[in-house]
Each structure stands twice: as C-alpha cells, then as structure tokens.
Amino acid sequence: MRRLPPALGRLRRSRLLRHLAAGPTAALGVGLVAFGLFFGLGSASSASTPVVSSNPAVIANGQSLFDVHCSSCHGIGGVGTVHAPRLIHVGAAAADFYLITGRMPLNAPGDQAMRNSPFFGKGQVQALVSYIAALPFIDHQPTVQGPGIPNILPLCKDTASATATNPNCVTLSLGQQTFALNCSQCHQIAGAGGMLAKGMVVPSLKNATMLEVAEAIRVGPRPMPGFGPGELDARQLSAVVHYVAYLHHPSSNGGLGISNFGPVAEGFVGILFGLGVLLFAARMMGTRA
Amino acid sequence: MSSTRERAAAQRRSSLVKDGLDYIDDRFGSSPFLRSAMDKIFPDHWSFMVGEIAMYCFVVLIVTGIYLALFYVPSSAAVVYHGSYKPLDGQTMSAAYASVLNISFHVRAGLVMRQVHHWAAVVFVAALCFHMCRVFFTGAFRKPREVNWTIGLTLLVSVLLEGFSGYSLPDDLLSGTGLRVVYSIIESIPLIGTKLVFLLWGGPFPGTSLIPRLFLLHEFLFPALLVGLLSAHLAILWRQKHTDFPGPGKTETNIRGSRFFPQYMLKGGALMFLTTAVLCALGGFVQINPIWLYGPYQPYAVSAGSQPDWYVGWLDGSLRLWPHWEFRSFGYEIANPFFPGILFPGILFGVMYSWPLIDAWIYKDHAAHNLLDRPRDKPFRTAVGVAALAFFSVCTIASASDLLANDWHISYERIIEILQIGVFVAPIGFGLIAYRVCIQLQRTGNMIIKKPIGGIIVRGGDGAYHTLGDHHGDHGDHGDHGGQGDHGGPGGHGGHGDRLGGDLTGTGHLVRTGGGNGGAGEGAPAAAGGEHAAGGEHAAGAEHAAGAEHAAGAGAAIPEGAVRRGTGGAAGDEVQSPGGAPKEAPPGVAGGETEA
Amino acid sequence: MTSIDESSSRPEPDPRPAGRTGADQADVPESLLPGTEEYLEDPRHYGIEEGVPWPDDVPRGQDDTHWRYEDDPHGARVAELRIAFCWLITLLSGIGLAAVYVAGGEAQVEGAFLFAGFAGLGVGFVLWARDLLPGHDVIGSRGGLTHISDEADRRLAVQSLGRGVEPMARRPFLGKVLGGVLTVFGVSLVFPIASLGPAVEGQFARTPWRKGMRAVSEVGTPVKPSDILPNGVLTVFPDTGEPLDSQAMAQSAVLLINIGSAPFKVLPGRETWHIGSVGSVNCLVAFSKICTHAGCPVSQYDWWTHELVCPCHQSTFQVLLDCKPIFGPAPRNLPQLPLAVDDEGYVVSQSGFTEPVGPGYWNRPIEINPFTHKAVKYS
C-alpha cells in the first residue's frame, strides 16, 4: 500500500508553501515604519509580491480603486452604509480573502458573497488590501486591528519533529482533528460543502487555496463564524489549512471518491450501477414473457 | 456425433455416473430425491433471478465478512494510532476504528475486501427490495405462499438490522452519529426506552460496551438468523415450486422452465459469479465509506451530510419530516423520535406482514395460485404498492434533503416543507395514476388475458370473439367478485380467431375456464371459483405448435366457433379445461417431476 | 432459454410417434430408439422415463435432450472455444491477482482482476448452459395445485396428535400448574439480562457541569471571554479536574457563542447567565450542544442570522430567542448553561443545567435542580 498520498509530496514542493514558510522577509523599510513592522511580521509575503504594501503610492492607488469600485456600498473611506459593513477595522486578511476569491465586489448588496473569478488583478488587489490595512492608521486608531494576513506554519518533515508541542511545524493529524470538530459540521468531512438555514450556501473547499482558507478562518466570512487565536491557535490554523489542501486530493486508495458525499451518493451508485448491471445480466439470461 | 468411439465413451461415462450414484444410494437411499431435485423445473423469467442475486450478495457478504472479521478488533478501548495513514497519526481512537484503518491501509487486499463487503450490502438490500416488489406486484404472496412472504419480510428486517449494525462497526465519525440517533430513537420508547438503551449500550451514550455487542450481533446473531430464515425461504420455495407468469403452455398445475440440472445450476452459478464480479468491480473502483476521512468518533463532533446507508434512509427521512411534536401529560412524555422512528416503521411493517390477509380479504380470494397476476390485473393492489413505493421514496429523498438543497440551490426548509406535503400527496397521486394506467392497459393491452371470464364468449361471423354479458373495462379490478372479465380489448379482436393457438400475441385467446379443485368447494364466491380453478389456460402446448394441428392431448384449446361458459364456478364442472385436471400431469410434460 | 419464437422458427419438427426421443429421426440410429438397452444407457436420456411418450405437439425447444448446437457441429465447436476463452480470462486474472498481491497489493488492480476473473467464469457458464447443454424450457407437473395431503393422511395425523393431546387435556390441573410454574421460572430466567446495563436512576438528566467549573476546549485549554471573537463559537466542556470519558463529553458538550451586539432575549431569572452585556460588542452565551431531537451535536452556526442548525435532521434554533427551535423536528429549546467569570478571568459555569440536555424520554423531568442535579418538576 502507498505510504503517503502523492498530494502531500506535491504540497511540500509547492512554491506557494515555500513562500509562506519563508516567514517575515521584506516589507520592512519604506514609508510608515510602524505600519510596515506591524504587517510585515504576520504576512505571508514574498520578496516579489507582498500581500500588503506600505508604499504610499500603492495605498493611494488602492484608495482610488476603492472610491471607484467599493465606496458606493461601503462608503468613502470605508465608513460603511446601510448596504454594507464598515471596513475600517476589518483588517488585511478580510480584504484579501474577499478580493482574491472574487467574492467582492457583489452584484447586489445583500447577496451572499460567493466564489467567483476575481474582479481585480493582482496589483489592484495588493493596492486595495494595502489601503484597507492602512485605514486604521489613516483613521488614527491603529490599536483596533482586524486579523492580518495569517502566517502558515509548514508541515513537519518527519515523525521525529512532529510532536504535539513543536511550535515550528504542524501535522496533518492535528489538522484532521481540528477540522472534524470545527469545520466538518458545515463544510462536510471531505470539504464538499453544504447548506445552512435560509439557503445560505456553505462553499466546497475543493478550490480554496491555503492562504484563502487561513484568511477565511480568521475573518469568518458571513455566515461562517471567525476563529480568533484564542479559539484556534497558529498551529491549529496551519494544520487545518494543510489538511484542507490535502482534502483536494485525499487518499484515493479505495478508487473513485464519488465526491466523498457519503452514503447517499454511494446508495445511488449501488442501486443504479450495481443492481442495474445485475438486472441487465438477469434480463439477458432469463426469458422476458 | 454418433461415431463408435464417442458412443463407447458415452457409455463409459454413463457407467461411471451410475457407480457414483450407486455409492451414494447404498448409503442414503437418495436416488428418488436426487432425481426429483435434478429434474426440478424452475421458470426462466428474468425477474425471478433477482432474489437469487440477493442471495449471492449474501454469499459474498459472508465470504468477505469472514475475512474482515479476522482483522477487526471489536473493542472501544482507546489506542493511539501510528499506522500508515499519516493524517490520523498520533490520534487517540477506539481499537475498533484503528483496526478498520489497519484493514484499509495495512492488510493487503483488506481494503478491496472491505469495500466489496460494503457494496455487497448496498446491492443486497437493493436486490431484496426489487425482489419484494416483484412478489408484491405479481401477487406471488397469495396462498399457498403467505408463509414465505412472512419469512421474506423477516429476512428484510433482519437484513436491515444486519446492515445497520455493520455500518456502525467502524466507529468512525459517521457511524457514531448514526448510533447516536438510534440511541435517541430507542430512548424515546414510552415506559421502557431508557431502560432499553441502558441495557443495549451498557450505560449512557456512547459507552464502551456497544462495539463488542454490535460485533456479536453483526457477526453471529443476525447472520445465523439470516441463514436460518433463508434456508426456510428456499426450502419452502423448493417444496411449493416457483410461481410463474401466465403464458403459453402454462397452467396452474404445470410448470415450465429449465431443469435444475444442468441448466439452472449452471446459470445460477453463473449469476453468482457475475454478481461477485460486479461487486468486485465496485469494490475495486468506487470508494465506499472512506472511513479515514471521517476520523475517529467524537460524541461532540459531527459532519455535514451525515446520512445512513440508503436502505435506512427512509427512517432518517421520516425523522426529518415528522414535525416538532412530542406529547406530554402527567409528567410523562412520548418523545419526538418515537413517532417517526418506532411507530411509523412499526405500522408500515405491520401492514406489510398482514398484506396477504388484507389482499385475500379485499379480493375475496382464498384459493391457491401458482400463476401470477400481472400488475395491471389487480389495479388496486398495484396502486397500493406504487403508493407505498412513493411514500418510501419521499422519505428516502427527505433523508438527503440537505444534499438536495445544496445541489438544487433551494433552501432545505423549502425542500422539507415540500416533502412534508409530498409524503401525503405523492402516494395518493402516484397510486391514482397507477390505478388509471392499469385500467388503461387492461383495456388496450393486446396481451394475453389472465382474468376469469364470467361472460359468454361467442365468436361472431367476422371471426372475432365477443363476450356477452360483460360489464367490461372499468370494473376489471373487481372482476373477481363480479364474474366479468376483460377479454383483451377491441384492438386485438379481429381476424385472429383462425390463428387461434398458433399466435402468441393473440388476443385473449387464453381463456381460463373453471374446473379443478378451485374455490367453489371452499365456499368462495362463484366467480372466484372460476378464476382459481386449476384448469388454467387453454392451449397449453398448442400455442407452441406453430400452426400445427392441435392434437387431442393439449390441443383442445378453444373449439372453433364459440366458447360457451356459464358464469363463474358453475362452469367448472361442465368444461374441463384441457390438461387442467388436478394431480394429473398435463400433456406436454417431458418426464414430469416426481414429487418429493 | 429457448423462447417459443425461436423454437417455432426452427425446422418443422416432424410428427413424432409416441415414444420417440426429441432428436430428429434422421440423426438417431435405430438402436437408440426407446425401449432398447442402448437407449437407456445413452446419457442424453437421463430424466426421461421409459414409456413416457413425447407428446406430438411439444416443440423441439422443450425437448429435454435438445441443446442449441445439437445439429451444428461447427457452431458447437465455436461455442466451445468461446467458453474456453472466457475461462482463459479467469485464468489470467487469477495469475494477475496473485502477482498484484505479491507485489504489495493495490485495491484498484485487485478489483479489476477480481471483476475480470469472476465475470469470465460467469459468462462462460452462461454460454455453456445456453449453447451446449440440454434442459431448456421444459414443462413439468406441479403435482397438483398445492401440496395438500389426502384426507386420509390428514385424518391419520390428527389421530396421532390426538393420541397425546387427548390424555394431556384430561389433566387440566397439571396444565394450570405447569403454566404457573413456567411463568415464574421464565421470568426468573430473564433476570440475567439486567446485567447488560446499569440502572437508569436519572442519569439522563445529569451532566458533569457543576458550580464554578471552568469551561475548557476539547484539548483542555481554559477559555477567557476575550478568546472568542464577536460572532465566534467554541465547543467547551467542564473542567472536572480529570480527563472526561466519552460519556461525559457526550452529555456535557456546550457551545460558547459570542453573539456580538445582537439583541439577545434574556428570560426572566436568567439575567446573569451571560457574560458581557447584551447589545455591547461582546456578549457570551452558552447552550448545550446536544440536540433535543435526536442527540446530534448542534454545530452549524450562522452568525448573520444567529441560527444554530443540527446537521443530522436540520433542526434550526434561534440563538437570540434562547435557542428556540424555529424549524425542523426538534421539540424544545436547547438548555442554557449559566455562565460567569472566575477570579482569574476564565469562563466558568454558575451551576449545572436547570433542565435535562438532549432528546426526550418517557419520564423526563422538565426542571432539575442545577446544584443537586435531582429532578424537581415533572409537569
């Protein structure tokens, strides 16, 4: 039997992961020093494209984008209106999550924000996120902060380092455990998604990137509850993120997963295919009148 | 073919066979039995094989189950998993769950065995249900087979219990959730519920006693029960012989089909292999219950989309459809799950168990039958069956309400509300439709008729047959009382008369006359006597004769001209149907079976 | 499986005199005609009783000795090869199966070989039976409509039964004594069943929550009110000082919900049960996680509508209305747990629950004393 699902290997090699693991790197320096320090520490940034920039030019660009595309609902300066919430303290993670998954801008205020192809390009997202992240500073209330871009710890390389207390790396097992208790009740145990009351859709996690998952956990995009560090610490968060990535291609040991939807799908296959083929065989063998 | 060498070889084999049989007979005196067993005739209709498919699924279940039992650890003791499936490494889980992971990832060929086992269970129940529907809609449960219907139903109940206990054994998050719901259902039984769950679980949920007990039930008690019931089911079938659809050459007292040896045995074996093949294909290629994704059971966690296997879905659905009612007075309450979880299945199975009685009462039919009804012949029964199926289907759909909501982008509240209405409307609607369709088919169908003809059939100058004194059509359902019948409808009348007996799709040529040891003597209404008469159809063998002249034995089908019958049973004595005399081998018997 | 159509499309069967075998006359040497010794020893005639004639009008398809390629040696040979080919597939699959096993096993390949092997076997058998073996489509007697015995036999059986029953019935005293004895003895035999489980004794109404117990996460971390963000939710258990067993966890799981500034309806007598004031940014309430319908963990929380949904049967509870069921089969509110904050700032319970958690049962009290955990009210 296979030792380790290939998806894990792929994950380890993934560029994204290396970047995420690279930890705090750039983002120090130019412009608002306090701002840079604040965001640089938690950011999943890379040297080339930091998610949050402290460059005033970028922030200014973000502001103009915001005024054109977002302010009609969220108000000039993100103060909020009757249609849409105040954005001043939502933090970079929220802005990044809603924009890179294409959830914002909405077609109509009041719709449930669903995954879509992103409206903004990469640079535009960076500008907008930087602008949102800078809003508390512009508003002179830098102490009240929404969640920043979460840092994702890497998976432990070997079993020796995979102890429950190792603060530098996480295991899929921790992820499974945390996912089963905190996520599976809505997202389904294989991340297939589901539905809440009033037709609220729980999205499938099959397309969610690791960064998106991490941001969603911290942000709590409506109607999902957010999980602060007091509920899921950095290790649990990272573990869940890795486990969700693993769920994109879980162990295929048994064959086709039929979406891992559970017994209903299995019943369909069993009756339609299993009994169906056998009935056909019986029909070929027996008489028909 | 007839060369000397071949003949010699044949004779050598013949003497070998003889020696072998002699050896056995010297010890058991078994030749008469063996002969009757090998000569036994089984009808060939394809739908009669579905019960067999179910049986072969059971065989596969036993074989794979034994294999799995060698590795399964029926224990709730907590262990820390360090197996080859890394995403669960280091987690504390029950020894039972760890052993199922072990079967799935460590035991070579273990996973394919486990999946084949589970798929076999899914297909098993599906085949059973199909088989039961066939028996119901064709009236195969009527006298003398009521007891076998009862045994079959008990088999179904035992299979459902066996299936659910198996579903619960892995002790993963899914199966634990199922057990939690069942615990609540049993707990809700008035008076004894709380005591009962404590006895079963050995204390409050989830406890540590249930897994070993479930294993005992799943691996010993229920299978033993199933084997016993199945043996009885088959022995009775063997004794009573299989029913058959009416048709050319078939009467109530003869049986047409393949010899048990070699035809049926080989085909049965083949079907067993094919069943196994399909189950192995499913087991190899389609995941079923990927328990490693679910993780160990935690009583405080649950996954969305937690459903039972499909055959328990109707119960889960009924739990979802039953409103938020529970009843309380004098400090005692009948809790909510009792109604959909205990009372509702109790009533349903009560009706199913007593259906042979109800059916006999409705149709005033207490006579024995070997020939089946076509569903259209008994529109009311068919309508009841279709209504029941609609009811079960709505309940089953309800158990997937959350998935459907997700799929169809409707809120599940709406779906549940629709289904709450549908659970009443769908059975009535589909039942009525089925009834109308049956009547329509009776009128227009140009197939052979099955019903007693109480009227007088005359052949007119144009060669067509007409029934005099027939109320026709609408009352076909009640024909059994009234003594009128259907004669195949206008579409099939003209110009067939001269080809009578030579035309399979002829119109209503099979006229069943009264006679034999039918109902009249048992005090059934006169018309019933006609219907149940052993006389069976005319044209027993003659239909096959492809235009050949009817010889005296079987041929007497319907004399040219008019067939005159009195109404109902009175006719029985007058017109002795050909080949219909009871206890007398009809013509066309090829080496008839000897009676065991 | 010879359908009538096929049989009638076969060459017209020659009118066979009584006593003829099913084989065409031309094929059968005189020596194989019935009545001769050779006839009886010919294995093709097993099952045909001597003297039982083939009726003239029975088409050849019903002939007990007929098989499909009887008259077609070439067709028979092809059929033979076809069957052998099917079984060859089985052979190869068997070898493949063994090889895969030895190589370490792989469910899909094993499944494929098992499928091919059994399918080859099965199809081969079907073809064999269809093409090369007799016994198709024959008609036999059922030996009567039903298997009923002669009246004489029945009467004899009644006599035999009567032989014992009659003398038994003559002693009604013994019958009564036996009935009484068996009832008492039988009931006493049922007693060992009680060993299966402990006495109930109100255990359904009891949870491990006690006054001042800290709420801890599933890994045992105590929780501060600030740990749960507005609109956040956390599953907690009582910190009893020792690890909880699964039964205790099943009974005591509680959802700690930060309802944010939403307007929570405070029931009279429960004014101090939440942490933080209603309408402020942070307001913590706690409800049992065990559904009052069938006991599943109610865990889908929608912070926008403040609804809790049970994933099992979609019972929906409105948190702001004290977890009142607003949809689905759940009949009762989720019980609320009174909360407080201890000296070190951790969330604790003021007491146990004041009503039983979980689904209903026959003698469920509607109110229990949260300190003594005894039922105080049944109606």
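In chain C of this predicted model, four strands form an open sheet whose order is 2-3-4-5, and the pairing within the sheet is antiparallel. The edges of this sheet are strand 2 (215-216) and strand 5 (284-288) of chain C, each of which pairs on one side only. Strand 2 of chain C is joined by two bridges to strand 3 (residues 233-238) of chain C, and these strands run antiparallel. Within this pairing, the bridge partner of Val216(C) in strand 3 of chain C is Phe237(C).

Chain C also contains two residues with unusual backbone angles. Most residues other than glycine have a negative phi, and most peptide bonds are trans. Asp322(C), although not a glycine, has a positive phi of about 65°, and Cys323(C), likewise not a glycine, has a positive phi of about 55°. Asp322(C) is placed in the loop between strand 8 (316-318) and strand 9 (324-327) of chain C, and Cys323(C) is found in the loop between strand 8 and strand 9 of that chain. As to their surroundings, Asp322(C) is partly exposed, because 19 other C-beta atoms lie within 10 Å, where 20 or more would be required for a residue to be buried. Cys323(C), by contrast, has 25 C-beta neighbours inside 10 Å and therefore counts as buried.

Cis peptide bonds that precede proline occur in chain A and in chain B. In chain A, the bond from Met104(A) to Pro105(A) is cis, with omega near -5°, and Pro105(A) is situated in the loop between helix 6 (92-100) and helix 7 (122-138) of chain A. In chain B, the bond from Phe261(B) to Pro262(B) is cis, with omega near 0°; Pro262(B), however, lies in helix 10 (residues 260-285) of chain B.

A further site in chain B involves residues of chain A. Gly305(B) is located in the loop between helix 11 (291-294) and helix 12 (313-321) of chain B, and this glycine counts as buried because 26 C-beta neighbours are found inside 10 Å. When the neighbours within four places in sequence are left aside, Gly305(B) is in contact with Gln188(A), Ala192(A), Gly194(A), Phe261(A) and Gly262(A) from chain A, and with Asp402(B) and Leu403(B) from chain B. Of these contacts, the one with Asp402(B) links residues that are 97 residues apart along the chain, and the C-alpha atoms of Gly305(B) and Asp402(B) are separated by 6.9 Å.

Notes
Residues numbered from 1 in each chain as written. Chains lettered and ligands numbered in written order. Predicted model: local features only at pLDDT ≥ 70, side-chain atom pairs only at ≥ 80, totals over all residues. Buried ≥ 20, exposed ≤ 12 C-beta atoms within 10 Å, placed from the backbone. Contact = placed C-beta atoms within 7 Å. Pairing = 2+ DSSP bridges.
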